[in-house]
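Here are some notes to read alongside the model, written as one colleague to another. Please keep the structure open while you go through the points.

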Amino acid sequence: MSDEAIPRQSFTDKHRKVLLGGLAVAIFLAAWQAVFLVVPFNKLFVSKPDLIWDALVDLIVSGDLMRDLAISAVPFVYGFSAAVVVGVALGIVMGWRERVSYALDPIMTIFYASPLVALAPLVIVFFGVGVSGKAIIIFVLSVFPFIFNAQAGVRAVDRLLINVVRSMGGTERDLYLKVIVPSVLPYIVAGARIAVGRGLIGILVGEFFAASEGIGYAIARFGDLFALDRMFACIFAIMVIAVVLTEGIRWAERAAFPWRVGQ
Amino acid sequence: MTDIRALEADIAQAADSGAPGRSAWYRLEPAILGTASIAVLLVLWEVLPRLITMSAGTKLFFTTPTQIAGTLWRLFATGTIWTPLGVSASGFALGLGLSIVVGLPLGVLIGRSRTLNAMLDPFITAFNATPRLVFLPLLMLWFGLGLEMKIVIVFIGALFPILINTYEGVRNADKTLINVVRSFGASEWDVARLVVVPNAMPYIVAGLRLAIGRAVLGVVVAEFFGSESGLGVMMVQAAGRYQVDVVFSGLIVFAALSLAMTAMVQVLESRLSRWRPQRAGGE
């Protein structure tokens, strides 16, 4: 009897967090739905979960949501890949070469401190509202986490480990595969987690401004049309994507670099 | 939330302090190289139009540092910048203030209560991962184009760094100290006041620094897309009229605002942590 009770106790104990979280979300949705039984419902200004769900299903079935997401994904992929390549390369050089970092650190800090989003109108005027304009905004916003983190990663490489590998007769290749990459990669992945959020901001800024398609444009347009249920559905889609991307990277960090979990 | 920049600054400071025997050049090298690279960039930017001939179309988009400096001076001298700057600054200050007032107690609360933490965690994770900009069209619908909308967008942007860092700091509090204070009959309020909050102060300040960046971002985007007045509005209108120098002037003012606020927070931090014993190692 008690043998059975103990694991059952530990199940609710172990999953207490998930259960409570799920409960809170359920209460929140139910309250949202129920409040309009008391408060008059005006669908031009608010929406409720069942309508949002219908709109979401509708947008998915009609393929509109997927099309908008696919359109927004293209500049994101370009801008983000460019940010990875440029940011990591620059960060590694700044990490290895002390003089380069002396020379570039102040400029990078100034750029990072200024709200570069403020240059978006200029970028749009210059490069247009198409893929290139959006990709450049995304690149500018998401490159800095890669630069700073790659630099910090290189600085954190343990010189002792390098000497050990060299003393033991390790080749240059061993050095890279066994010491440098494992040391720098976690920093870059951590940078990617920050950069994803900034990249998403870039998409939205680019598309709120002057786009004619894409998920940001869809949100703005549904807002203008007072189609609140559809707007909430799109917002929800972005939330899901953002959570999946950031939590996915966090999960990958834990899976790939378990030795860093404590930090 | 590891703030790598702050960490690096600490490391650099530690390295700086312990090198008495170095030559002057060696000590000044970083400063000289840093200044030189900025100077080279500015000079290149300045002489670029004299080196290559630009088409009339490109010239429209081009501006030089001296032009920007002149415009900036003119904006302040004639006083045209004060009204939009005041509008932006009030939205910034009120939104940031509200996020501190809400974020700090809430952070302490979820740091102290496991149940509350478990219940709010899904919401915090979801909202923190999502760019808050996504709510902008909705907030414009609800709050209009005035100050309220700006305050709300700044608030939701700045809330989460403060909330999450406060939470992390509270979780990190020394359990022994809490138990000691409790044993002497302290209430939960006393525990928060005497142990938890002072201990979490470095985390809170780091969160505040992040929040300032987010708040400036919030002001900028709110004014870009849905405001009637403010520095951001001035910049968008200038971009539409190809007054690139005005756009850059606005950018510089925003950057100065965020740097000044960050510096203030740092001063605040050093005042608040004066009681803290020096870390071991004789720094």
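1. A good place to begin is A:Phe226, which sits in the loop between α10 (215-224) and α11 (228-256) of chain A. Helices here are DSSP runs (H or I, at least four residues), strands are runs of E with at least two, and both are numbered from the N terminus. The phi of A:Phe226 is near 60°, a positive value in a residue other than glycine. Most residues other than glycine have a negative phi, and most peptide bonds are trans. With 36% relative accessibility, A:Phe226 counts as partly exposed; buried means under 20% relative accessible area, exposed over 50%, and partly exposed in between, using a 1.4 Å probe and protein chains only.

2. Before going further, a word on how to read these notes: this is a predicted model, where local features need pLDDT of at least 70 and side-chain atom pairs count only at pLDDT 80 or more, while totals for chains, interfaces and linings use all residues. Residues are numbered from 1 along each chain as its sequence is written, chains are lettered from A and ligands numbered from 1 in the order in which they are written, and side-chain values use heavy atoms, with hydrogens and water left out.

3. Chain B has a residue to look at in a similar way: B:Tyr242, in the loop between α11 and α12 (244-272) of chain B. Its phi is near 60°, again a positive value in a residue other than glycine. B:Tyr242 is partly exposed, at 38% relative accessibility.

4. Now for the overall make-up of chain A. It comes to eleven helices and zero strands, and its radius of gyration is 24 Å, well over the 18 Å that the globule rule gives for 263 residues, so chain A is more spread out than a compact globule. That radius is taken over C-alpha atoms, and the rule is 2.2 Å times the number of residues to the power 0.38. Along its principal axes, the C-alpha trace of chain A spans about 75 × 75 × 30 Å.

5. Still in chain A, buried residues make up 43% of the 263 residues. Of the contacts with a separation of 6 or more, 73% are between residues 24 or more positions apart; contact means heavy atoms within 4.5 Å. Chain A exposes about 13,800 Å², with carbon and sulfur atoms supplying 69% of it. Such areas come from the Shrake-Rupley method with a 1.4 Å probe, and for residues only the protein chains shown count as cover.

6. Chain B can be read with the same headings. Its secondary structure comes to twelve helices and zero strands, and 42% of its 283 residues count as buried. Residues 24 or more positions apart account for 74% of the chain B contacts with a separation of 6 or more. The exposed area of chain B is about 14,700 Å², of which carbon and sulfur atoms supply 67%.

7. Which residues does B:Glu29 touch, leaving aside its neighbours within four places in sequence? The partners are A:Arg99 and A:Tyr102. B:Glu29 lies in helix α2 (residues 24-51) of chain B and counts as buried, at 4% relative accessibility.

8. The helix that holds B:Glu29 also packs within its own chain. The axes of α2(B) and helix α4 (residues 65-78) of chain B come within 8 Å and cross at roughly 95°. Axes are lines fitted to C-alpha atoms, for helices over the stretch in contact, with angles from 0 to 180 degrees between N-to-C directions. That makes α2(B) roughly perpendicular to α4(B); angles under 35 degrees count as roughly parallel, over 145 as roughly antiparallel, 65 to 115 as roughly perpendicular and the rest as oblique. B:Leu42, B:Trp45 and B:Glu46 of α2(B) meet B:Pro65, B:Thr66 and B:Ile68 of α4(B).

9. For a second crossing, look at helix α5 (residues 82-112) and helix α11 (residues 231-240) of chain B, whose axes come within 7 Å and cross at roughly 125°. The two helices are therefore oblique to each other. B:Pro84, B:Leu85 and B:Ser88 of α5(B) make the contact with B:Leu231, B:Gly232 and B:Met234 of α11(B).

10. Lastly, please look at B:Val195 in helix α10 (residues 188-225) of chain B. At 7% relative accessibility, B:Val195 counts as buried. Not counting residues up to four places away in sequence, B:Val195 touches B:Leu177, B:Ile178, B:Val181 and B:Asp190.
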